[in-house]
Amino acid sequence: MRLKPEDRASGEINWLFDVIAPDRKIAGQVITNFKQVIKEGDLRLHPLIVRLV
């Protein structure tokens with residue numbers, strides 16, 4: 001998937017498109033830590049990530 005520069009500015013919505021981790025447990029931890037990093041706005045996960053975790 002390629003986004004145009006104007007599509008990258010999601011405003012209040014933070015998107016996570018991919019997680020690279022050796023197993024599901026660590027992938028879940030990565031997502032939890034990502035939520036702590038963004039601090040503001042809504043977090044949305046790509047549907048494929050949701051199915052894998």
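1. In what follows, a residue is called exposed when its relative accessible area is over 50% and buried when that area is under 20%, with partly exposed in between. The structure discussed here is a predicted model, and the points below should be read with that in mind.

2. For a reader meeting the protein chain without any background, the outline is that it holds 3 helices and 2 strands, and that these elements follow the pattern α-β-α-β-α when read along the sequence. Of the 53 residues in the protein chain, 13% are buried. The protein chain exposes about 4700 Å², of which carbon and sulfur atoms supply 54%.

3. On how the protein chain is connected through space, one may look at the contacts between residues at least 6 apart in sequence, and among these 64% join residues at least 24 apart.

4. Helix α2 covers residues 24-38, and its length can be checked in a simple way: at 1.5 Å a residue, its 15 residues should span 21 Å, and the C-alpha atoms at its ends are 21 Å apart, which agrees with that expectation.

5. The two faces of α2 deserve a separate remark. A27, I31 and I38 are buried in this helix, and because they cover an arc of only 45° around the axis, they lie on the same side of α2. The face turned away from that buried side carries K25, Q36 and V37, which are exposed.

6. What do the buried residues of α2 pack against? Their partners are the strands β1 (13-16) and β2 (42-45), together with helix α3.

7. Helix α3 comprises residues 47-52, and L52 has its place there. L52 also belongs, with L48 and V53, to a nonpolar patch on the surface, and the accessible area of these residues together is about 270 Å².

8. A search of the whole structure for salt bridges finds 1. In this salt bridge the side chains of R44 and D42 meet, with a distance of 3.2 Å from N to O. Are these two residues buried, exposed or partly exposed? R44 has a relative accessible area of 36%, so it counts as partly exposed, and D42, with a relative accessible area of 36%, is likewise partly exposed.

9. To draw the points on α2 together, a reader inspecting the model may begin from A27, I31 and I38 on the buried side, follow their packing to β1, β2 and α3, and then turn to K25, Q36 and V37 on the face that points away.

Notes:
Residues are numbered from 1 along each chain as its sequence is written. This is a predicted model: local features need pLDDT of at least 70, side-chain atom pairs count only at pLDDT 80 or more; totals for chains, interfaces and linings use all residues. Side-chain values use heavy atoms; hydrogens and water are left out. Patches are made of residues with over 30% relative accessible area and no salt bridge: like charges are joined within 9 Å, nonpolar side chains (Val, Leu, Ile, Met, Phe, Trp, Tyr) within 5 Å. Accessible areas come from the Shrake-Rupley method with a 1.4 Å probe; for residues, only the protein chains shown count as cover. A salt bridge is a side-chain nitrogen of Lys or Arg within 4 Å of a carboxyl oxygen of Asp or Glu. Helices (H or I, at least four residues) and strands (E, at least two) are DSSP runs, numbered from the N terminus. The expected span of a helix is 1.5 Å times one less than its number of residues. Buried means under 20% relative accessible area, exposed over 50%, partly exposed in between (1.4 Å probe, protein chains only). The arc is that of the directions from the helix axis to the C-beta atoms. Contact means heavy atoms within 4.5 Å.
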